[in-house]
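Hi there,

Here is the structure I promised to pass on to you. Have a look at it first, and then read on for my notes.

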Amino acid sequence: MVTKPGLGRGSSSDPGIPDENVFSPGVDGSAEVEQERRASSPAAAAGSQSLERGLLILTTFTESRPVLGIAELARAVELNKSTTYRYVSTLTKLHFLQQDPETKKYSLGARVIDLGAAAINSMEITRIAGRHLQVLADDTGYTVSMAVLDGTDIVYVDRRRSRRGHYPGMDLNLHVGSRLPAYCTAMGKVLLAGRDPAVLRTLLDRTDLARRGPRTITAREQLTAALNRVRQTGIAWNDEELAPGLRSVAAPVRSRSGEVIAAVNVAVHLSIVHVTLDSLVDRLEQPLLRTTSAISARLGFHSSQGRSF
C-alpha cells in the first residue's frame with residue numbers, strides 16, 4: 001500500500017494521524033521549518049545585512065548633520081568608501097537620498113519624507129488630539145492646527161477646519177506634513193520656548209531670520225525677548241510675521257513628564273476678523289488653553305505638576 005502525502009501513518013484511509021516520513025506543508029510545522037531554513041541561507045543573510053547597512057546610512061543623517069559626503073558616511077557606518085558609495089547610489093536611485101549637484105554631498109530624500117508623513121499619521125498624539133482640535137475649530141469658527149518641532153522647522157501633524165464653513169485665503173496651501181520656519185510662527189515660538197537653553201542657542205544659530213511677512217522678527221534679540229514672553233504667559237502669537245494679514249495664537253501640548261512636545265494654534269485672517277491683536281488673544285486664549293490642557297491630560301500630564309516653561 002502506498003501512503004499518500006498528507007494522509008496518516010499506517011493506513012492511507014486514516015488522515016488523522018500524521019506521517020512523520022512525508023513532507024506536507026502546514027502539517028507538523030514543516031512549512032515553517034522550511035521558511036526558517038531559507039531565511040537562514042547565505043543569500044538571505046546577505047540581504048539582511050544590506051538592509052541593515054542601508055538603514056544605518058539613513059539614520060546617520062541627523063538634525064545637526066543633515067548633509068554628508070561619502071567619506072563622512074563611510075566613517076560613520078565603518079565601511080570603506082566604495083562599499084558605502086554602492087549603498088548610497090541605491091538609496092539615491094530609490095529617492096531615499098538626494099545629491100547636491102554642486103557639492104556632491106547627500107541629504108535625505110522625498111521617500112523619507114513620505115515615510116515621515118506616514119509615521120505622523122500613526123502618532124499617538126494625533127489620535128488623542130484629533131477630537132479636541134475639531135471641537136476647538138468648531139467652537140471658534142477658525143482653522144486649528146497642531147505641529148511638532150523638527151530642527152529649525154515646525155511640521156504640521158494635524159489640521160482641522162471649522163465645520164461652520166471654510167474661509168478663503170487662510171490655508172497658504174498648508175496640510176499635514178507641511179513645514180514652516182519656527183521663528184515666524186506662533187506654534188514655532190511655543191516649541192522653541194520649550195527647548196533647553198543650550199539647544200535653543202544651537203537652533204537659533206542655524207536659523208536665518210529672513211523677512212516672511214510685514215511684521216517678521218528679524219533680530220535675534222527681539223526673538224529671544226518674544227520667547228521669554230512666551231515662557232511667562234504660556235501662549236504665543238503671530239502678528240503678520242509669516243504672511244500679510246495672517247494672525248494666530250498658540251499654546252503648548254505637554255507629555256507626561258511636562259516636556260513641550262507639540263503646539264496647537266488657532267489661525268485668523270484680518271479679512272475675516274477686524275479686531276486688535278490684544279482683543280483676538282483675549283478671545284482665543286481660554287478655549288485654546290482648555291484644548292491643550294485636555295490633550296496634555298490625555299497624554300498623562302497633570303497641571304498639579306506645576307510646570308510652566
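Let me start in the middle of the sheet: strand S8 (residues 260–269) has 9 of its 10 residues buried, so S8 is largely enclosed by the rest of the structure. Buried here means under 20% relative accessible area, exposed means over 50%, and partly exposed lies in between, with a 1.4 Å probe and protein chains only. Strands are DSSP runs of E with at least two residues, helices are runs of H or I with at least four, and both are numbered from the N terminus.

A word on the origin before going further. This is a predicted model, in which local features need pLDDT of at least 70 and side-chain atom pairs count only at pLDDT 80 or more, while totals for chains, interfaces and linings use all residues. Residues are numbered from 1 along each chain as its sequence is written, and side-chain values use heavy atoms, with hydrogens and water left out.

**The sheet**

Which strands flank S8? Strand S7 (residues 246–254) is joined to S8 by 9 bridges, and the two run antiparallel. Strand S3 (residues 143–150) also runs antiparallel to S8, with 5 bridges. Two strands count as paired if DSSP finds at least two bridges between them. If you want residues to click on, Ser-145 has Asn-265 of S8 as its bridge partner, Ala-251 has Val-264 of S8, and Leu-246 stands opposite His-269 in S8.

S7 and S8 form a hairpin with 5 residues between them, and Gly-258 in that turn has a positive phi of about 100°. S7 itself is buried at 9 of its 9 residues, so S7 too is largely enclosed by the rest of the structure. S7 also pairs with S6 in the antiparallel sense, over 4 bridges, and Ala-236 has Ala-250 of S7 as its bridge partner. S6 and S7 make a hairpin as well, this one with 6 residues between the strands and a positive phi of about 55° at Glu-240 in the turn.

Put together, these strands belong to an open sheet of 6 strands in the order S5-S4-S3-S8-S7-S6, with antiparallel pairing. Strand S5 (179–181) and strand S6 (236–239) stand at the edges with a single partner strand each, so one side of each has no neighbour in the sheet. On average, neighbouring strands of this sheet are turned by 30° against each other, direction ignored.

**The helices**

Helix H6 lies across S3, strand S4 (153–160), S7 and S8, running at about 65° to S4. Angles run from 0 to 180 degrees between N-to-C directions, and axes are lines fitted to C-alpha atoms, for helices over the stretch in contact.

H6 (residues 124–140) also packs with helix H10 (residues 277–298), at an angle of about 170° and with the axes 9 Å apart. H6 and H10 are therefore roughly antiparallel to each other; the cut-offs are under 35 degrees for roughly parallel, over 145 for roughly antiparallel and 65 to 115 for roughly perpendicular, with the rest oblique. Residues making the contact include Ile-128, His-132 and Leu-136 of H6 and Leu-284, Leu-288 and Thr-291 of H10, where contact means heavy atoms within 4.5 Å. By class, this contact has 9 nonpolar, 3 polar and 1 charged residues. Ala, Val, Leu, Ile, Met, Phe, Trp, Tyr, Cys and Pro count as nonpolar, Asp, Glu, Lys and Arg as charged, and the others, Gly among them, as polar.

How do H7 and H9 meet? The axes of helix H7 (residues 186–193) and helix H9 (residues 220–233) come within 9 Å and cross at roughly 80°, which makes H7 roughly perpendicular to H9. Lys-189, Val-190, Leu-192 and Ala-193 in H7 meet Leu-227, Val-230 and Arg-231 in H9. That contact divides into 5 nonpolar, no polar and 2 charged residues.

**One loop residue, and the whole chain**

His-175 is found in the loop between S4 and S5, and at 45% relative accessibility it counts as partly exposed. Leaving aside neighbours within four places in sequence, His-175 is in contact with Tyr-156 and Arg-159. His-175 and Ser-145 are 30 residues apart in sequence and 9.2 Å apart in space, C-alpha to C-alpha.

Overall, the protein chain has 10 helices and 8 strands, and 42% of its 309 residues count as buried.

Best wishes
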